[in-house]
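Grab a coffee and let's walk through a protein model together. We'll look at charged pairs, a sheet, a pocket and a couple of odd backbone angles.

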Amino acid sequence: MKRKNPYRLILTSMILSSVFIVSTAYYSIGVVSKANTRSTIDKRLHQLENKIKENEIETNFILEEFTNDYEHRANIISMLIAQNPSVLENEVALEEMRSLISADEISITDENGIIRYSTNQHEEEIASNSFFTEAIKNKNYSDTIVSTVNDELVLISGTSRIDSNGIVQIVYTPEKLSKALTYSDISLVTSEFPLYKNGSTAILDINTYKYLSHTNSEVVGLTSQFNEDDFDFENKSGDFYSKINGKKSLVRYSIQDDKIILGIVPVSEVYSTRNIVTIWLLILSVILIFSSYLSVRAFFINHCQNNNPN
């Protein structure tokens, strides 16, 4: 009967043991790494959710302060006109009232909502903003809308005329408001919450899937690669893998109202610890196997020489 080579048996058993140890470590550390990454991303998403809520509260508070002030100024103009209707025929008087309340523009309509008097002559004989139609007959009406003109933030306040049916409409482009809102601008939110070395955070509009905010400010306003099928709208959270900027990445998300908050981490970074540990285990395994093989081989050679001194 042919005798089995003891070196081969020992080498085989050591290789199999090393493969088992390395495989177990690879799997176990991978599971832990992914769980830790998920936990870290969730913390970031939670921080972003809180920040978005804070920004919305702050934005609403700032807008409310400004709109209340501007509606009050519109009411002042309405009272001044009621006290002296002749000012409507006097361009200088209208301009003085505009300066009095520091407005960009004042317009007054008739009972049909057509602008008859304005500090901006281009606005005369056209319809006022349809949003304020209720003010024509409702004498207690006052409201403000937020709009943009030539990429500038504009507040338009409207109130009812006291002297007759119609609307007093004033326009503001408040620099102070723009500066105040800059601090709560959603496009800047994610810049405060980086994620790992190469990861990123982002906020998507749930209807257009455009980036409202991103750690990389250059992509804000662009349409993302994601779509409705990527997200679980029933559970409001989850994760999936996607190739982003040429790198396979773990994308974890949370849905908040009309926004999707994302945490994106390249897979190479998610499993960096696992990969490093696995490489070192492989190197150590090779060294141990080779060293053990040489030791066992030397032992058997010495043993054989002792048994066969001649």
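Let's start with a pair of sequence neighbours: Lys259 and Asp258 form a salt bridge, with their closest N and O atoms 3.0 Å apart. Lys259 is buried, at a relative accessible area of 10%, whereas Asp258 is partly exposed at 36%. Keep in mind as you read that this is a predicted model.

**Charged pairs**

Here's the general idea: side chains of opposite charge can pair when their charged atoms come close. How many salt bridges does a search of the whole structure find? The count is nine. Here are three of them, side by side.

| Salt bridge | Closest N to O | Lys or Arg accessibility | Asp accessibility |
|---|---|---|---|
| Lys259 with Asp258 | 3.0 Å | Lys259, 10% | Asp258, 36% |
| Arg161 with Asp163 | 2.6 Å | Arg161, 7% | Asp163, 30% |
| Arg252 with Asp239 | 2.5 Å | Arg252, 16% | Asp239, 24% |

Is Arg161 buried or exposed? Buried is the answer, because its relative accessibility is 7% and the cut-off for buried is under 20%. Its partner Asp163 is partly exposed.

Now for the pair made by Arg252 and Asp239, whose side chains meet with N and O 2.5 Å apart. Arg252 sits in strand β9 (residues 247-256) and Asp239 in strand β8 (residues 237-244), so this salt bridge ties together parts that are 13 residues apart in sequence. Arg252 counts as buried, while Asp239 counts as partly exposed. Back among the salt bridges as a group, Arg38, Asp42, Asp239 and Arg252 are joined into one network through shared partners.

**The sheet**

Strands β8 and β9 also turn up in an open sheet of five strands. Reading across, the order is β7-β6-β10-β9-β8, and the pairing is antiparallel. Which strands stand at the edges? They are β7 (211-214) and β8; each has a single partner strand, so one side of each is left without a neighbour in the sheet. From one strand to the next, the twist averages 25 degrees.

Zoom in on one end of that order. Strand β6 (residues 200-205) runs antiparallel to β7, and three bridges join the two. In one of these strands, β7, you'll find Tyr211, the bridge partner of Leu204.

**The pocket**

How do we look for a pocket? Rolling a probe the size of a water molecule over the atoms shows where empty space is left. The largest pocket here has a volume of about 350 Å³. It is lined by 17 residues, and those nearest its centre are Ser200, His214, Ile244, Asn245 and Ile264. Strands β7, β9 and β10 (259-266) each give two or more residues to this lining. Sorted by class, the lining has six nonpolar, 10 polar and one charged residues.

**Two odd backbone angles**

Most residues other than glycine have a negative phi, and most peptide bonds are trans. Tyr196 goes the other way: its phi is positive, at about 55 degrees, although it is not a glycine. You'll find Tyr196 in the loop between α3 (175-182) and β6, where it counts as partly exposed at 38% relative accessibility.

Tyr209 has a positive phi too, near 60 degrees. Its place is in the loop between β6 and β7. Is Tyr209 buried or exposed? With a relative accessible area of 11%, Tyr209 is buried.

Note on methods: Residues are numbered from 1 along each chain as its sequence is written. This is a predicted model: local features need pLDDT of at least 70, side-chain atom pairs count only at pLDDT 80 or more; totals for chains, interfaces and linings use all residues. Side-chain values use heavy atoms; hydrogens and water are left out. A salt bridge is a side-chain nitrogen of Lys or Arg within 4 Å of a carboxyl oxygen of Asp or Glu. Buried means under 20% relative accessible area, exposed over 50%, partly exposed in between (1.4 Å probe, protein chains only). Helices (H or I, at least four residues) and strands (E, at least two) are DSSP runs, numbered from the N terminus. Two strands pair if DSSP finds at least two bridges between them. Axes are lines fitted to C-alpha atoms, for helices over the stretch in contact, and angles run from 0 to 180 degrees between N-to-C directions. On a 1 Å grid over the protein atoms alone, a cavity is a set of points where a 1.4 Å probe fits but cannot get out, and a pocket is an open set with protein on both sides within 12 Å along at least five of seven lines; lining residues have an atom within 4 Å of a point. Grid points are joined across faces, edges and corners, and a volume is the space filled by probe spheres set on the points. Ala, Val, Leu, Ile, Met, Phe, Trp, Tyr, Cys and Pro count as nonpolar, Asp, Glu, Lys and Arg as charged, and the others, Gly among them, as polar.
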